[in-house]
Amino acid sequence: MKIYSVTDERFKKYGKVVKDIDFSGLVKALEEVTPLPEGVEYVPGMPELEALPVMQELTVKTYGEMPIQIGYCNGHNCMLNALEYHRDSEINVAATDAILMLGCQQDITEDFTYDTSLVEAFLVPKGTAVEVYATSLHYAPCGVDGEGFKVAIVLPKGTNLDLGGKHEGGEDGHLTAKNKWLLGHPEGGLPEGSPMGLVGKNLCVND
C-alpha cells in the first residue's frame, strides 16, 4: 500500500498539519505516562493529558472555546478494520511515527457502504499534529514497520462515550457512541452487532 506524507497535496482534502500550537509537552506526556499495549487501546480523556497547558490552547484556538477532551489511541495495528466519522474535526498528535488510513464521507453510498479501494494512507511523523476534518473517514492509527504507536486524540468533550438510547436505520443505525458513526469491515474483528458498511479488501499498511 502506498503511504504518502501528511505534507503531500493529497492530504489537503482530509486535513492539515497544525503548526501554531506547541505540542512538545503533550508528546512527552504520551511517551511517559501512557501504555503501549499489544492490541489497540483508546481512552477518550486522560486527566494527566488534560492538565497540560495545551488543553487550554486547543480549547481556545482550535475549537473556538468549545469544551474538549484529550485522550489517546496506543498500541500495535496494521489493518483498516473499520472507518468512522464525527461531526467535528479531530486532532491527532503523534508521539511516535504513525500511519492514518483515510477516506471521504462524501463517498459513502446511499445504502451506507464504502469501497475500501478509495482509502489513502498517510505518515504522521513523531512530534507532528494534524487536524483530521469532520468529513474524513478514519479509525485507529497504524504503526510503522511493525512498531507500536502512540497518538493523542483531541475531540469535543463527550465524543465516543456511551449512548443514552437505541439507534436504528440509515445513518442513525451506524451511531455506536456519542458523535461516532461507524462502518465496520466483516473481517475487522469488531464486537458482535457492530454496523458493517465497508466493502472490498480489509486493507493492511504492510501490503
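## Notebook: loops, helices, cores and a pocket

I began with serine 89, which lies in the loop between strand 5 (82-85) and strand 6. The model I consulted is a predicted one. Is serine 89 buried or exposed? I found a relative accessibility of 16% for serine 89, so this residue counts as buried, the cut-off for buried being under 20%. I then listed its contacts, leaving aside neighbours within four places in sequence: Tyr63, Glu131, Val132, Tyr133, Ala134, Val154, Leu155 and Pro156. I also looked up a separation: the C-alpha atoms of serine 89 and proline 37 are 26 Å apart, with these positions 52 residues apart along the chain.

**Entry on helix 1**

I next turned to helix 1 (24-33). Its buried residues are Leu26, Val27, Ala29 and Leu30. Seen down the axis of helix 1, these buried residues fall within an arc of 160°, so they line one face of the helix. I noted the general reason: an α-helix has 3.6 residues a turn, so residues three or four places apart point the same way. The buried residues of helix 1 pack against helix 2, helix 3, strand 4, strand 6 and strand 12.

Before helix 1, I looked up lysine 19, which is placed in the loop between strand 2 (15-17) and helix 1. Lysine 19 has 74% relative accessibility and therefore counts as exposed, the cut-off for exposed being over 50%. The C-alpha atoms of lysine 19 and lysine 180 are separated by 27 Å, and the two residues are 161 residues apart along the chain.

**Entry on helix 3 and the loop after it**

Which residues of helix 3 (residues 54-62) are buried? I recorded Val54, Met55, Leu58 and Thr59. Viewed down the axis of helix 3, the buried residues lie within an arc of 140°, so they too line one face of their helix. The elements that cover them include helix 1, helix 2 (47-50), strand 4 (68-75) and strand 12.

I followed the chain onward. Just after helix 3, glycine 64 takes a positive phi of about 60°. Glutamate 65 has a positive phi of about 75°, although it is not a glycine. I made a general note that most residues other than glycine have a negative phi. Glutamate 65 is found in the loop between helix 3 and strand 4, and it counts as exposed because its relative accessibility is 64%.

**Entry on the cores**

I then looked up the largest nonpolar core, which has 22 residues. Those with the most contacts inside it are Phe23, Leu26, Leu49, Leu58, Ile70 and Val93. Helix 1, helix 3, strand 4, strand 6 and strand 12 each supply at least two residues of this core. Which element gives the largest share of this core? It is helix 1, with four residues. I checked leucine 58 individually: not counting residues up to four places away in sequence, leucine 58 touches Ile21, Phe23, Tyr63, Ile68, Ile70 and Val154.

Apart from the largest core lies another, of 18 residues, with Tyr85, Phe112, Cys142 and Val205 among them. I looked further at phenylalanine 112, which lies in the loop between strand 7 (98-104) and strand 8 (114-115). Phenylalanine 112 is buried, with a relative accessible area of 18%. Its phi is near 60°, a positive value in a residue other than glycine.

**Entry on the largest pocket**

How much space lies in the largest pocket? I noted about 590 Å³. There are 29 residues lining the largest pocket, and the closest to its centre are Tyr42, Glu84, Tyr139, Lys180 and Leu182. By class, the lining has 14 nonpolar, 10 polar and five charged residues. Strand 3 (40-43), strand 6 (90-94), strand 12 (149-156), strand 13 (175-177) and strand 14 (180-184) each supply at least two residues of this lining. The largest share, three residues, comes from strand 3.

**Entry on threonine 176**

My last lookup was threonine 176, found in strand 13. Threonine 176 is partly exposed, with a relative accessible area of 32%. Not counting residues up to four places away in sequence, threonine 176 touches Leu163, Leu182 and Pro195. The C-alpha atoms of threonine 176 and glutamine 56 are separated by 29 Å, and these residues are 120 residues apart along the chain.

How values were computed: Residues numbered from 1 in each chain as written. Predicted model: local features only at pLDDT ≥ 70, side-chain atom pairs only at ≥ 80, totals over all residues. Heavy atoms only, no water. 1 Å grid on protein atoms, 1.4 Å probe; cavity = no way out; pocket = protein on both sides within 12 Å on 5 of 7 lines; lining within 4 Å. Points joined across faces, edges and corners; volume = space filled by probe spheres on them. Nonpolar A, V, L, I, M, F, W, Y, C, P; charged D, E, K, R; others polar. Buried < 20%, exposed > 50% of the residue type's maximum accessible area, 1.4 Å probe, protein only. Arc of directions from axis to C-beta. Contact = heavy atoms within 4.5 Å. Core = buried A, V, L, I, M, F, W, Y, C linked by side-chain atoms within 4.5 Å.
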